[in-house]
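Please find below my note on the model you sent round, set out as numbered points for discussion.

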Amino acid sequence: MNIPFNDLTWQNNLIKTEILEGITALMSESVYIGGECVEEFENVFAEYIGVKYCIGTGNCTDALELILEACGTRAGDEVIVPAYSWISSASSVIRTGATPVFVDVHPDYYTLDPSLVEAQITPNTKALIVVHFYGIPAEMKEIGAIAEKYGIRIIEDCAQAAGAAYNKGKTGSMGWAGAFSFYPTKNLGALGDGGCVTTNDKKLSDKIRVLANHGQKGKNKHKIIGRNSRLDALQAKILISKLKYLDDWNMRRVKAAARYCIRLTGNLVKLPVTPEYARHVYHLFVIQIENHYEVQGFLEQRGIQAFMHYPLPLTELEPFEHLNLRSCDFPVAKNMANRILSLPIFPGISDVQIDYVCENLKEAIAFFG
Ligand SMILES: *Cc1c(COP(=O)(O)O)cnc(C)c1O
């Protein structure tokens, strides 16, 4: 049996007709950038997340950079970032000229550890980026209290957590601004690149619109040096169709995760833990085991794709070498790097597929454990 890490055909088949009709309509209108589709998506997504404003961008990395730029982040500033994430959470900070200050993650939830944040705050701390990692919302209450105490803005990296919630608050509605990715394999994925910013701050929303559209405030009215980062109409149209299914697809991920957990009970592996406050959307199903590279290779031989998200913590990546970080200062991240493995998970995964992964995983662990 071949089990891909992610299989988009199931969801694509479900909405194929709707999407093809949408594309045909768009081609007869010939509006490919901006226009009604983008506006409609921004409105429905803002409503879904529970914020006043949504601004489409080219991708999530741009969304993070635009938020940081709009908040005036520059050389000399510091931005707190979790030690484990995708590189964009920290590279966006460097690209503004500021310095990322890494904080270790929680050993069970893998998001920014609130108990370690306060010690890293200095007079130069400009903002704090929380990452709702693997689909688990970060501890927003405790982190929010610290941010408020010091007057620091919270930026939410929601790339892995579309539809996740902290109690009743959806990710992307709890900080000053949220950045989303519509990369095809994310929980809400386009058929190409895409992203957006969500916020309740009108000034920020207006500023990002100008920054992301060549610094224009209206056609040819260039006010500042901006850039070009837009969600295109085709992707917006596809996302409008897909958003209707997001809750259902997230529920299917949760069900798949529950089956994995039942099949893998015992002390065989460290299973994902959902904090009490969280609606976890299982962008990834991440376990911890010994000899993860050997186990990954074993699974591959049995036709099962498993990956590491990510092989190294941010603190050990080459582009951050100049910061002279010591991996012993980030023990949780260091430990994760030696143990994590992401198993296949996607809305259309079948019970038979999950069971096949589990049987082979058990065999691999017995072999290498
Ligand atoms: C995917 C991802 C991003 C980047 O998203 P793009 O749309 O590809 O730029 C940023 N942060 C995290 C945590 C991600 O998983």
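The points below go from the overall fold to the surface and then to the domains.

1. The coordinates come from a predicted model, and every remark that follows should be read with that in mind. In this model the protein chain carries 11 helices and 12 strands.

2. On overall dimensions, a compact globule of 369 residues would be expected to have a radius of gyration near 21 Å, and because the protein chain itself has 21 Å, the value agrees with that expectation. The C-alpha trace, taken along its principal axes, spans about 65 × 55 × 35 Å.

3. As for the interior, 54% of the 369 residues of the protein chain count as buried. Among the contacts in the protein chain with a separation of 6 or more, 71% are accounted for by residues that stand 24 or more positions apart.

4. Turning to the surface, the protein chain exposes about 16,300 Å², of which carbon and sulfur atoms supply 50%. The side chains include 36 positive and 41 negative ones, and the centres of these two sets lie 5 Å apart.

5. The protein chain is divided into two parts, with domain 1 covering 8-243 and domain 2 covering 246-368. The C-alpha centres of domain 1 and domain 2 are 24 Å apart, and the contact between them draws 47 residues from domain 1 and 42 residues from domain 2.

Notes:
Residues are numbered from 1 along each chain as its sequence is written. This is a predicted model: local features need pLDDT of at least 70, side-chain atom pairs count only at pLDDT 80 or more; totals for chains, interfaces and linings use all residues. Side-chain values use heavy atoms; hydrogens and water are left out. Helices (H or I, at least four residues) and strands (E, at least two) are DSSP runs, numbered from the N terminus. The radius of gyration is taken over C-alpha atoms; the globule rule is 2.2 Å times the number of residues to the power 0.38. Buried means under 20% relative accessible area, exposed over 50%, partly exposed in between (1.4 Å probe, protein chains only). Contact means heavy atoms within 4.5 Å. Accessible areas come from the Shrake-Rupley method with a 1.4 Å probe; for residues, only the protein chains shown count as cover. Lys and Arg count as positive and Asp and Glu as negative; His and the chain ends are not counted. The place of a charge is taken as NZ of Lys, CZ of Arg, CG of Asp or CD of Glu. Domain bounds come from an automatic or database domain assignment.
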